Amino acid sequence: MTVHEAAIPVPHAAHPEEANRPQMNRLGLWLFFLSETFLFAALASARFYLAGADRPEHLNQALGLGITSILLLSSFFAYRAEVAMAHGRRREFFKFILGTIFLGVLFAGGVAYEWATAEFSASEPYGTAFFTMTGLHASHVISGVAILALVTLHAAKGHFSPDSYWGVEAGIKYWHFVDVVWVFFYPILYLISI
Amino acid sequence: MDDKERIELIDLAERHWRHQEEERKEEVGIGWWMATFLVVGTIVEYVIAISVDWNLPIMVFINIAEAAAIMIYFMHLPKIFGGHTGEED
(Lines give C-alpha, C1' and ligand atoms only; values in the text may rest on other atoms or scores of the structure.)
Protein backbone atom coordinates (compact mmCIF):
# COMPACT_ATOMS: atom_id res chain seq x y z
CA MET A 1 0.00 0.00 0.00
CA THR A 2 1.49 3.38 -0.99
CA VAL A 3 1.30 6.49 1.18
CA HIS A 4 -1.38 7.92 -1.11
CA GLU A 5 -3.52 4.83 -0.74
CA ALA A 6 -3.06 4.89 3.03
CA ALA A 7 -4.27 8.52 3.13
CA ILE A 8 -7.60 7.59 1.60
CA PRO A 9 -9.77 5.74 4.12
CA VAL A 10 -12.04 2.97 2.90
CA PRO A 11 -15.32 4.00 4.46
CA HIS A 12 -17.91 1.68 5.85
CA ALA A 13 -16.35 -1.52 4.56
CA ALA A 14 -18.14 -3.56 7.24
CA HIS A 15 -21.55 -1.86 6.79
CA PRO A 16 -21.99 -0.63 3.19
CA GLU A 17 -25.46 0.80 3.96
CA GLU A 18 -23.81 3.27 6.39
CA ALA A 19 -22.17 5.01 3.40
CA ASN A 20 -25.54 6.46 2.37
CA ARG A 21 -26.45 7.77 5.81
CA PRO A 22 -25.25 11.42 5.38
CA GLN A 23 -27.23 11.73 2.14
CA MET A 24 -30.30 10.15 3.74
CA ASN A 25 -30.01 12.46 6.76
CA ARG A 26 -29.80 15.50 4.50
CA LEU A 27 -32.71 14.37 2.34
CA GLY A 28 -34.84 13.78 5.45
CA LEU A 29 -34.02 17.25 6.76
CA TRP A 30 -34.92 18.89 3.45
CA LEU A 31 -38.22 16.96 3.35
CA PHE A 32 -38.94 18.33 6.83
CA PHE A 33 -38.20 21.84 5.52
CA LEU A 34 -40.58 21.21 2.62
CA SER A 35 -43.39 20.22 4.99
CA GLU A 36 -42.73 23.33 7.09
CA THR A 37 -42.79 25.45 3.93
CA PHE A 38 -46.39 24.40 3.27
CA LEU A 39 -47.37 25.55 6.77
CA PHE A 40 -45.69 28.94 6.40
CA ALA A 41 -47.03 29.38 2.84
CA ALA A 42 -50.58 28.75 4.11
CA LEU A 43 -50.12 31.50 6.72
CA ALA A 44 -48.69 33.89 4.12
CA SER A 45 -51.68 33.35 1.82
CA ALA A 46 -54.05 33.75 4.80
CA ARG A 47 -52.54 37.21 5.40
CA PHE A 48 -53.69 38.37 1.94
CA TYR A 49 -57.06 36.57 2.27
CA LEU A 50 -57.78 38.28 5.62
CA ALA A 51 -56.38 41.76 5.07
CA GLY A 52 -55.65 42.08 1.35
CA ALA A 53 -52.48 44.08 0.77
CA ASP A 54 -53.41 46.60 3.48
CA ARG A 55 -51.13 47.37 6.38
CA PRO A 56 -51.59 49.75 9.31
CA GLU A 57 -50.28 53.31 8.95
CA HIS A 58 -48.37 53.20 12.22
CA LEU A 59 -46.51 49.98 11.56
CA ASN A 60 -42.99 50.16 13.04
CA GLN A 61 -41.06 49.60 9.80
CA ALA A 62 -37.71 50.66 11.27
CA LEU A 63 -38.03 47.92 13.89
CA GLY A 64 -38.92 45.44 11.14
CA LEU A 65 -35.77 46.41 9.23
CA GLY A 66 -33.70 46.16 12.43
CA ILE A 67 -34.83 42.67 13.44
CA THR A 68 -34.52 41.45 9.83
CA SER A 69 -30.91 42.66 9.69
CA ILE A 70 -30.22 40.92 13.02
CA LEU A 71 -31.60 37.61 11.72
CA LEU A 72 -29.66 37.83 8.44
CA LEU A 73 -26.48 38.59 10.39
CA SER A 74 -27.17 35.57 12.61
CA SER A 75 -27.25 33.38 9.49
CA PHE A 76 -23.78 34.67 8.58
CA PHE A 77 -22.58 33.81 12.11
CA ALA A 78 -24.12 30.33 11.84
CA TYR A 79 -22.41 29.78 8.49
CA ARG A 80 -19.04 30.82 9.96
CA ALA A 81 -19.60 28.42 12.87
CA GLU A 82 -20.18 25.54 10.46
CA VAL A 83 -17.08 26.44 8.41
CA ALA A 84 -15.05 26.61 11.64
CA MET A 85 -16.26 23.16 12.73
CA ALA A 86 -15.53 21.70 9.28
CA HIS A 87 -11.93 22.88 9.59
CA GLY A 88 -11.42 21.90 13.21
CA ARG A 89 -11.27 25.46 14.59
CA ARG A 90 -13.08 24.85 17.85
CA ARG A 91 -12.53 28.26 19.47
CA GLU A 92 -13.83 30.02 16.35
CA PHE A 93 -16.78 27.62 16.28
CA PHE A 94 -17.80 28.51 19.85
CA LYS A 95 -17.39 32.24 19.16
CA PHE A 96 -19.69 32.16 16.14
CA ILE A 97 -22.28 29.70 17.48
CA LEU A 98 -22.66 31.76 20.67
CA GLY A 99 -22.92 34.88 18.50
CA THR A 100 -25.72 33.20 16.52
CA ILE A 101 -27.57 32.30 19.72
CA PHE A 102 -27.20 35.87 21.03
CA LEU A 103 -28.56 37.35 17.79
CA GLY A 104 -31.44 34.85 17.84
CA VAL A 105 -32.38 35.91 21.37
CA LEU A 106 -32.10 39.56 20.27
CA PHE A 107 -34.46 38.88 17.35
CA ALA A 108 -36.99 37.19 19.64
CA GLY A 109 -36.71 40.19 22.00
CA GLY A 110 -37.39 42.52 19.06
CA VAL A 111 -40.53 40.58 18.16
CA ALA A 112 -41.67 40.68 21.80
CA TYR A 113 -41.15 44.46 21.83
CA GLU A 114 -43.10 44.75 18.58
CA TRP A 115 -45.98 42.76 20.11
CA ALA A 116 -45.98 44.94 23.24
CA THR A 117 -45.99 48.23 21.34
CA ALA A 118 -48.11 47.36 18.28
CA GLU A 119 -50.82 49.91 17.61
CA PHE A 120 -53.23 47.33 16.20
CA SER A 121 -55.05 44.49 17.90
CA ALA A 122 -55.24 40.78 17.15
CA SER A 123 -58.96 41.16 16.44
CA GLU A 124 -58.32 43.24 13.29
CA PRO A 125 -57.75 41.26 10.05
CA TYR A 126 -54.17 42.51 9.67
CA GLY A 127 -53.48 41.99 13.38
CA THR A 128 -54.71 38.39 13.20
CA ALA A 129 -52.31 37.68 10.36
CA PHE A 130 -49.45 39.63 11.95
CA PHE A 131 -49.60 38.01 15.38
CA THR A 132 -50.12 34.51 13.95
CA MET A 133 -47.26 34.77 11.44
CA THR A 134 -44.74 36.46 13.74
CA GLY A 135 -45.80 34.21 16.64
CA LEU A 136 -45.29 30.98 14.72
CA HIS A 137 -42.01 32.24 13.30
CA ALA A 138 -40.76 33.40 16.70
CA SER A 139 -41.56 29.95 18.15
CA HIS A 140 -39.30 28.49 15.44
CA VAL A 141 -36.59 31.00 16.34
CA ILE A 142 -36.84 30.01 20.02
CA SER A 143 -36.69 26.30 19.15
CA GLY A 144 -33.73 27.09 16.87
CA VAL A 145 -31.94 28.81 19.75
CA ALA A 146 -32.62 25.75 21.94
CA ILE A 147 -31.25 23.42 19.23
CA LEU A 148 -28.11 25.54 18.78
CA ALA A 149 -27.62 25.63 22.56
CA LEU A 150 -27.83 21.83 22.62
CA VAL A 151 -25.36 21.60 19.73
CA THR A 152 -22.98 23.93 21.63
CA LEU A 153 -23.28 21.76 24.72
CA HIS A 154 -22.50 18.60 22.77
CA ALA A 155 -19.59 20.33 21.02
CA ALA A 156 -18.20 21.39 24.41
CA LYS A 157 -18.25 17.72 25.44
CA GLY A 158 -16.22 16.91 22.31
CA HIS A 159 -18.97 15.07 20.42
CA PHE A 160 -18.13 16.60 17.03
CA SER A 161 -15.04 16.59 14.84
CA PRO A 162 -14.21 17.84 11.31
CA ASP A 163 -15.01 14.32 10.05
CA SER A 164 -18.30 13.95 11.88
CA TYR A 165 -20.49 16.94 12.68
CA TRP A 166 -23.94 16.12 11.36
CA GLY A 167 -25.56 17.54 14.51
CA VAL A 168 -23.92 20.92 13.89
CA GLU A 169 -24.81 20.88 10.19
CA ALA A 170 -28.47 19.97 10.87
CA GLY A 171 -28.93 22.58 13.62
CA ILE A 172 -27.39 25.31 11.49
CA LYS A 173 -29.39 24.32 8.40
CA TYR A 174 -32.55 24.61 10.50
CA TRP A 175 -31.43 28.09 11.56
CA HIS A 176 -30.90 29.12 7.92
CA PHE A 177 -34.36 27.74 7.08
CA VAL A 178 -35.96 29.92 9.77
CA ASP A 179 -34.07 32.85 8.21
CA VAL A 180 -35.37 32.01 4.71
CA VAL A 181 -38.94 32.00 6.06
CA TRP A 182 -38.42 35.48 7.52
CA VAL A 183 -36.97 36.72 4.21
CA PHE A 184 -40.52 36.24 2.84
CA PHE A 185 -42.50 37.13 5.99
CA TYR A 186 -40.76 40.49 6.41
CA PRO A 187 -41.93 42.04 3.10
CA ILE A 188 -45.33 40.30 3.29
CA LEU A 189 -46.02 41.89 6.68
CA TYR A 190 -44.11 45.17 6.50
CA LEU A 191 -43.34 46.24 2.93
CA ILE A 192 -45.52 44.96 0.09
CA SER A 193 -48.01 47.31 -1.49
CA ILE A 194 -50.16 46.48 -4.49
CA MET B 1 8.99 3.27 7.30
CA ASP B 2 12.15 4.53 5.56
CA ASP B 3 13.20 8.21 5.18
CA LYS B 4 11.80 8.52 1.66
CA GLU B 5 8.37 7.36 2.76
CA ARG B 6 8.48 9.64 5.80
CA ILE B 7 9.33 12.70 3.64
CA GLU B 8 6.56 11.73 1.22
CA LEU B 9 4.10 11.49 4.10
CA ILE B 10 5.10 14.90 5.53
CA ASP B 11 4.84 16.44 2.06
CA LEU B 12 1.38 14.93 1.60
CA ALA B 13 0.23 16.23 5.00
CA GLU B 14 1.54 19.73 4.20
CA ARG B 15 -0.24 19.80 0.84
CA HIS B 16 -3.42 18.56 2.47
CA TRP B 17 -3.21 21.27 5.16
CA ARG B 18 -2.55 23.99 2.54
CA HIS B 19 -5.51 22.77 0.47
CA GLN B 20 -7.75 22.80 3.56
CA GLU B 21 -6.64 26.33 4.44
CA GLU B 22 -7.33 27.60 0.90
CA GLU B 23 -10.75 25.94 1.00
CA ARG B 24 -11.51 27.57 4.35
CA LYS B 25 -10.49 31.04 3.12
CA GLU B 26 -12.69 30.59 0.05
CA GLU B 27 -15.66 29.57 2.25
CA VAL B 28 -15.11 32.55 4.59
CA GLY B 29 -15.00 34.83 1.51
CA ILE B 30 -18.34 33.44 0.32
CA GLY B 31 -19.75 34.17 3.79
CA TRP B 32 -18.69 37.83 3.62
CA TRP B 33 -20.09 38.26 0.11
CA MET B 34 -23.36 36.72 1.24
CA ALA B 35 -23.60 38.91 4.36
CA THR B 36 -23.03 42.02 2.21
CA PHE B 37 -25.56 40.89 -0.40
CA LEU B 38 -28.25 40.10 2.18
CA VAL B 39 -27.85 43.33 4.17
CA VAL B 40 -27.70 45.52 1.02
CA GLY B 41 -30.69 43.62 -0.46
CA THR B 42 -32.72 44.19 2.71
CA ILE B 43 -31.91 47.91 2.84
CA VAL B 44 -32.69 48.29 -0.90
CA GLU B 45 -36.09 46.60 -0.49
CA TYR B 46 -36.84 48.82 2.52
CA VAL B 47 -36.00 51.98 0.52
CA ILE B 48 -38.10 50.74 -2.43
CA ALA B 49 -41.00 49.90 -0.10
CA ILE B 50 -41.17 53.41 1.36
CA SER B 51 -40.68 55.19 -1.98
CA VAL B 52 -42.55 53.07 -4.59
CA ASP B 53 -46.30 52.52 -4.35
CA TRP B 54 -46.69 49.41 -6.48
CA ASN B 55 -43.64 47.40 -5.39
CA LEU B 56 -44.83 43.76 -5.52
CA PRO B 57 -42.75 42.57 -8.54
CA ILE B 58 -39.54 44.15 -7.19
CA MET B 59 -40.15 42.66 -3.72
CA VAL B 60 -40.79 39.20 -5.17
CA PHE B 61 -37.60 39.41 -7.24
CA ILE B 62 -35.38 40.58 -4.35
CA ASN B 63 -36.76 38.04 -1.89
CA ILE B 64 -36.49 35.06 -4.23
CA ALA B 65 -32.88 36.10 -4.97
CA GLU B 66 -32.09 36.37 -1.24
CA ALA B 67 -33.76 33.06 -0.34
CA ALA B 68 -32.06 31.26 -3.25
CA ALA B 69 -28.67 32.66 -2.21
CA ILE B 70 -29.15 31.44 1.39
CA MET B 71 -30.25 27.98 0.24
CA ILE B 72 -27.40 27.60 -2.26
CA TYR B 73 -24.46 29.12 -0.38
CA PHE B 74 -25.41 28.73 3.30
CA MET B 75 -27.56 25.57 3.21
CA HIS B 76 -25.57 23.84 0.41
CA LEU B 77 -28.72 22.75 -1.44
CA PRO B 78 -26.74 21.55 -4.53
CA LYS B 79 -24.89 19.09 -2.26
CA ILE B 80 -28.06 17.42 -1.03
CA PHE B 81 -27.29 14.13 -2.83
CA GLY B 82 -23.53 14.03 -2.54
CA GLY B 83 -21.93 16.77 -0.49
CA HIS B 84 -19.08 16.25 1.88
CA THR B 85 -20.04 18.52 4.78
CA GLY B 86 -20.60 16.81 8.08
CA GLU B 87 -20.38 13.27 6.81
CA GLU B 88 -20.18 10.55 9.41
CA ASP B 89 -17.47 7.95 9.23
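How many helices and how many strands are there in chain B? Chain B holds two helices and zero strands, where helices (H or I, at least four residues) and strands (E, at least two) are DSSP runs numbered from the N terminus.

The model is a predicted one, in which local features need pLDDT of at least 70 and side-chain atom pairs count only at pLDDT 80 or more, whereas totals for chains, interfaces and linings use all residues. Residues are numbered from 1 along each chain as its sequence is written, while chains are lettered from A and ligands numbered from 1 in the order in which they are written.

**View 1. Chain A as a whole, with six helices and zero strands.** Along the sequence, chain A reads α-α-α-α-α-α. Its radius of gyration, taken over C-alpha atoms, is 20 Å, well over the 16 Å that the globule rule (2.2 Å times the number of residues to the power 0.38) gives for 194 residues, so chain A is more spread out than a compact globule. Along the principal axes, the C-alpha atoms of chain A fill a box of roughly 75 × 30 × 25 Å. The mean pLDDT (the predictor's confidence in each residue, from 0 to 100) of chain A is 89, and 90% of its residues reach 70 or more. Over residues 1–10 of chain A, however, pLDDT stays under 50.

**View 2. Helix 6 of chain A, residues 166–191.** At 1.5 Å a residue, the 26 residues of this helix should span 38 Å (the expected span being 1.5 Å times one less than the number of residues), and the end C-alpha atoms are 37 Å apart, which agrees. A kink of about 25° (the angle between axes fitted to the seven residues ending at a residue and the seven starting there) lies at A:Phe185, shortly before the proline A:Pro187. Because 23 of its 26 residues are buried, helix 6 of chain A is largely enclosed by the rest of the structure; a residue is buried if 20 or more other C-beta atoms, placed from the backbone, lie within 10 Å of its own, exposed if 12 or fewer, and partly exposed in between.

**View 3. Helix 4 of chain A, residues 90–117.** The 28 residues of this helix should span 40 Å at 1.5 Å a residue, in agreement with end C-alpha atoms that are 41 Å apart. Among its buried residues are A:Phe93, A:Phe96, A:Phe107 and A:Gly104. The cover over the buried residues of helix 4 includes helix 3, helix 5 (125–156) and helix 6 of chain A.

**View 4. Helix 1 of chain B and its cover.** With 49 residues, helix 1 of chain B should span 72 Å at 1.5 Å a residue, and its end C-alpha atoms are indeed 72 Å apart. Its buried residues include B:Gly31, B:Met34, B:Glu45 and B:Tyr46, and what covers the buried residues includes helix 3 (61–86) and helix 6 of chain A, together with helix 2 of chain B.

**View 5. The side of chain B that touches chain A.** In this interface, 37 residues of chain B are in contact (C-beta atoms, placed from the backbone, within 7 Å) with 38 residues of chain A. Helix 1 of chain B gives the largest share of that side of chain B, 17 residues. By class, the side has 19 nonpolar residues (Ala, Val, Leu, Ile, Met, Phe, Trp, Tyr, Cys and Pro), 10 charged (Asp, Glu, Lys and Arg) and eight polar (the others, Gly among them).

Definitions and conventions
Two residues are in contact if their C-beta atoms, placed from the backbone, lie within 7 Å.
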